[in-house]
Amino acid sequence: MASCGFVFSRNSLIGLNVFYILVAFILIGVAGAGKGVSVITSYAVVGGIVACGIFLLILAIIGIYGAVKHHQVLLFFYMVLLFIIFLMQFAIACACLAVDKSEQKQLTKTAWNYSITSQLNLIKTTEEHFQCCGFDSVLPSDLTRCKAEGLACAKGNSSCTDCWMVMEASVNNAFKASGGVGLFFSFTEIFGILVSWSYRNMRDPRADPTAFLQE
């Protein structure tokens, strides 16, 4: 019976860490898609979700090794690190969900103004992708720059809309998707901590109980 419980806990922990690997790729993919909304590449909160995904991926591999070997020390550090990742992921996910539309606009505008002076190609890529010009208003200087860049909306009698008007929905979806996915999967890490704690305290039935008494 003890052997069955040990094997079940070990297989559960291995399966859970395989699940964490999938979760890590989902976190990286969803947040990466959000960062793909051009100027959103400067958003630290979305980047934090990517970082959590990478750390979770590495930790899941460590967890699988620790479960297979029933390595006491490795499982202890696995639990500690998994709890730290839970706290980070939970906090960052809540931050993503808590940002309202006015704050999203302010963050985007800050990133836009920074890119204007240091990464003008990023602004050009954004305007070409969304076929827009300027951030929240099309200033004469913006229109001159857009015409020089050869934007279709700036040619002839065509008129360009400002970029925030067409980007707002994409930016909002990026924050909500990153926060929602991060928050949902953060709670599975608590279950992982409980399973690893239970498994770590089990005696390996394969071990020789007299091994420590032999010289």
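The following legends describe close-up views of a predicted model.

**Figure 1. Overall helical architecture of the predicted model.** The secondary structure comprises 7 helices and 0 strands, giving the pattern α-α-α-α-α-α-α along the sequence. The protein has 215 residues, of which 40% count as buried. Its accessible surface amounts to about 11400 Å², with 68% of this belonging to carbon and sulfur atoms. Among contacts with a separation of 6 or more, 77% are made by residues 24 or more positions apart.

**Figure 2. The disulfide between Cys 132 and Cys 163.** A search of the whole structure yields 2 disulfides, one of which joins Cys 132 to Cys 163 with an S to S distance of 2.0 Å. The pair links distant parts of the chain, 31 residues apart: Cys 132 is in the loop between α5 (120–130) and α6 (140–149), whereas Cys 163 belongs to helix α7 (residues 163–200). The angle about the S-S bond is 95°, and the link is right-handed. Cys 132 has a relative accessibility of 0% and therefore counts as buried, the cut-off being under 20%. Cys 163 is likewise buried, its relative accessible area being 0%.

**Figure 3. The disulfide between Cys 133 and Cys 146.** The sulfur atoms of Cys 133 and Cys 146 are 2.1 Å apart. This link is right-handed, with 100° about the S-S bond. Cys 133 lies in the loop between α5 and α6 and Cys 146 in helix α6, so the disulfide ties together parts that are 13 residues apart in sequence. Both cysteines of the pair, Cys 133 and Cys 146, are buried.

**Figure 4. Cys 94 and Cys 96, each in no disulfide.** For Cys 94, the nearest cysteine sulfur is that of Cys 96, 9.4 Å away. Because a disulfide requires sulfur atoms within 2.5 Å, this distance does not qualify. Cys 94 has 30% relative accessibility and counts as partly exposed. For Cys 96, in turn, the nearest cysteine sulfur is that of Cys 94, at 9.4 Å. Cys 96 is buried, with a relative accessible area of 0%.

**Figure 5. The contact of helices α4 and α5.** The axes of helix α4 (residues 101–118) and α5 come within 6 Å and cross at roughly 120°. The two helices, α4 and α5, are therefore oblique to each other. On the α4 side, the contact is made by Trp 112, Ser 115, Ile 116 and Ser 118; on the α5 side, by Leu 120, Leu 122, Ile 123, Thr 126 and Glu 127. Classed by side chain, the contact of α4 with α5 has 5 nonpolar, 3 polar and 1 charged residues.

**Figure 6. The contact of helices α5 and α7.** The axes of α5 and α7 come within 10 Å and cross at roughly 85°. Helices α5 and α7 are therefore roughly perpendicular to each other, since angles of 65 to 115 degrees fall in that class. From α5, Thr 126, Glu 127 and Phe 130 meet Cys 163, Val 166, Met 167 and Ser 170 of α7. The residues of this contact divide into 4 nonpolar, 2 polar and 1 charged. Thr 126 and Glu 127 also take part in the contact of α5 with α4, and Cys 163 is joined to Cys 132 by a disulfide.

Key. Residues numbered from 1 in each chain as written. Predicted model: local features only at pLDDT ≥ 70, side-chain atom pairs only at ≥ 80, totals over all residues. Heavy atoms only, no water. Helix = DSSP H or I, 4+ residues; strand = E, 2+ residues; numbered from the N terminus. Buried < 20%, exposed > 50% of the residue type's maximum accessible area, 1.4 Å probe, protein only. Axes fitted to C-alpha atoms, helices over the stretch in contact; angles between N-to-C directions. Parallel < 35°, antiparallel > 145°, perpendicular 65-115°, else oblique. Contact = heavy atoms within 4.5 Å. Nonpolar A, V, L, I, M, F, W, Y, C, P; charged D, E, K, R; others polar. Areas by Shrake-Rupley, 256 points an atom, 1.4 Å probe, with all protein chains shown as cover.
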